[in-house]
Amino acid sequence: ASGMAGEDAVRILFIGNSLTDYNDVPNKVKQIFAKAGKSVEVERIINLGQPLSIHKDNMITKQKILTGDFDYVVLQEKASGFKQSMLEEGVVEIGPWIEEAGSQVVLYMPWANESVFAEGQETFTNAYVSEARKRNALLAPSGEAYYELYFNYGVRWYSDNIHGTDLASLVSASAIYYTISG
C-alpha cells in the first residue's frame with residue numbers, strides 16, 4: 001500500500017451495494033481527490049441489495065483484497081432492514097483479509113431509509129461508530145451529514161425511500177474523501 005505521501009496513486013476498493021453504486025460514489029471520490037491534486041485509483045465490488053456478509057466465502061472478493069495493493073477498503077452495509085449485527089458480521093468476515101493485505105478499513109455510514117430516517121439514523125450512527133472503534137477503522141459519516149442537512153436545513157435529497165440524488169451521493173463522496181485525506 002502506497003499511502004497518501006507516496007508518489008503512487010492512492011488505491012481504494014469499495015465494497016457495498018446500491019448506496020455505493022447509485023450516482024457512482026467511487027468516481028465522485030476520485031474526482032474530489034483529483035481536484036485536490038491527488039491521484040486515486042478506485043475499484044468496486046457491488047452486490048445490489050445485499051449485505052456485506054455475502055462475501056464470507058467469496059474467493060473473488062478475498063483475492064481482490066489480498067492482491068489489489070489497496071490503501072483503503074471502504075465497506076458499506078445495506079440500509080434496508082439494518083441492524084448492528086449485520087454490520088458486525090460483514091466486518092468480521094471481510095476485516096481479516098483487509099488486515100492481512102495491510103489496507104485500512106473505512107466504514108462508509110449511509111443514511112437510513114426516508115420512512116424511518118428520524119428515528120433510524122441513530123441506529124446507523126451508533127452501529128458504525130461502535131464498529132469503527134472496535135476495528136480501528138476510519139469512519140466516513142455521510143449518514144450524519146445528510147441527517148444534519150435534512151432536518152436542520154430542509155434538504156430533501158432522496159430519489160426514492162432508499163437512494164439519494166446525485167447531490168446526496170456527493171455528500172457521501174465528500175465524507176469519504178475527508179475521512180481518508182484527513
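At 52% relative accessibility, Lys-83 counts as exposed, where exposed means over 50% relative accessible area, buried under 20% and partly exposed in between (1.4 Å probe, protein chains only). Lys-83 belongs to a chain whose structure here is a predicted model, in which local features need pLDDT of at least 70, side-chain atom pairs count only at pLDDT 80 or more, and totals for chains, interfaces and linings use all residues. Residues are numbered from 1 along each chain as its sequence is written, and side-chain values use heavy atoms, with hydrogens and water left out.

**The chain as a whole**

- The chain has 7 helices and 5 strands; helices (H or I, at least four residues) and strands (E, at least two) are DSSP runs, numbered from the N terminus.
- Read from the N terminus, the order of these elements is β-α-α-β-α-β-α-β-α-β-α-α.
- The radius of gyration of the chain is 15 Å, which agrees with the value near 16 Å for a compact globule of 182 residues. This radius is taken over C-alpha atoms, and the globule rule is 2.2 Å times the number of residues to the power 0.38.
- Along the principal axes, the C-alpha atoms fill a box of roughly 40 × 35 × 25 Å.
- Of the 182 residues in the chain, 47% are buried.
- Among contacts with a separation of 6 or more, 77% join residues 24 or more positions apart; contact means heavy atoms within 4.5 Å.

**Helix 4 and helix 5**

- Two packed helices are described by the angle between their axes and the distance between the axes.
- Helix 4 (residues 84–101) packs against helix 5 (residues 117–135) at an angle of about 30°, and the axes are 9 Å apart. Axes are lines fitted to C-alpha atoms, for helices over the stretch in contact, and angles run from 0 to 180 degrees between N-to-C directions.
- The angle makes helix 4 roughly parallel to helix 5. Angles under 35 degrees count as roughly parallel, over 145 as roughly antiparallel, 65 to 115 as roughly perpendicular and the rest as oblique.
- The crossing of helix 4 past helix 5 is right-handed, meaning that the near helix is turned clockwise from the far one by less than a right angle; anticlockwise would be left-handed.
- Helix 4 makes the contact through Gln-84, Leu-87, Glu-88, Val-91 and Val-92, and helix 5 through Asn-126, Ala-127, Tyr-128, Ser-130, Glu-131, Lys-134 and Arg-135.
- By class, this contact of helix 4 with helix 5 has 5 nonpolar, 3 polar and 4 charged residues. Ala, Val, Leu, Ile, Met, Phe, Trp, Tyr, Cys and Pro count as nonpolar, Asp, Glu, Lys and Arg as charged, and the others, Gly among them, as polar.

**Residues around helix 5**

- Glu-131 sits in helix 5 and is buried, with a relative accessible area of 0%.
- Leaving out residues up to four places away in sequence, Glu-131 touches Gln-84, Leu-87, Glu-88, Val-91 and Leu-107.
- Thr-125 is also part of helix 5, and its 14% relative accessibility makes Thr-125 buried.
- Beyond four places in sequence, Thr-125 touches Met-109 and Glu-144.
- Thr-125 and Pro-110 are 15 residues apart in sequence and 9.0 Å apart in space, C-alpha to C-alpha.
- Lys-83 lies in the loop between strand 3 (72–75) and helix 4. From Lys-83 to Thr-123 the C-alpha distance is 7.5 Å, with their positions 40 residues apart in sequence.

**Helix 2 and helix 7**

- The axes of helix 2 (residues 25–35) and helix 7 (residues 166–181) come within 8 Å and cross at roughly 55°; the two helices are therefore oblique to each other.
- Helix 2 passes helix 7 in a right-handed crossing.
- On the helix 2 side are Val-25, Lys-28, Val-29, Ile-32 and Phe-33; they meet residues of helix 7 including Leu-170, Ala-173, Ile-176, Tyr-177 and Ile-180.
- The contact of helix 2 with helix 7 has 9 nonpolar, 4 polar and 2 charged residues.

**Helix 1 and positive phi values**

- Thr-20, in helix 1 (residues 18–21), counts as buried at 1% relative accessibility.
- Most residues other than glycine have a negative phi.
- Asp-24 is not a glycine but has a positive phi of about 55°. Asp-24 is in the loop between helix 1 and helix 2, and at 28% relative accessibility counts as partly exposed.
- Asn-136, likewise not a glycine, has a positive phi near 55°. The loop between helix 5 and strand 5 (138–140) holds Asn-136, which is exposed at 65% relative accessibility.
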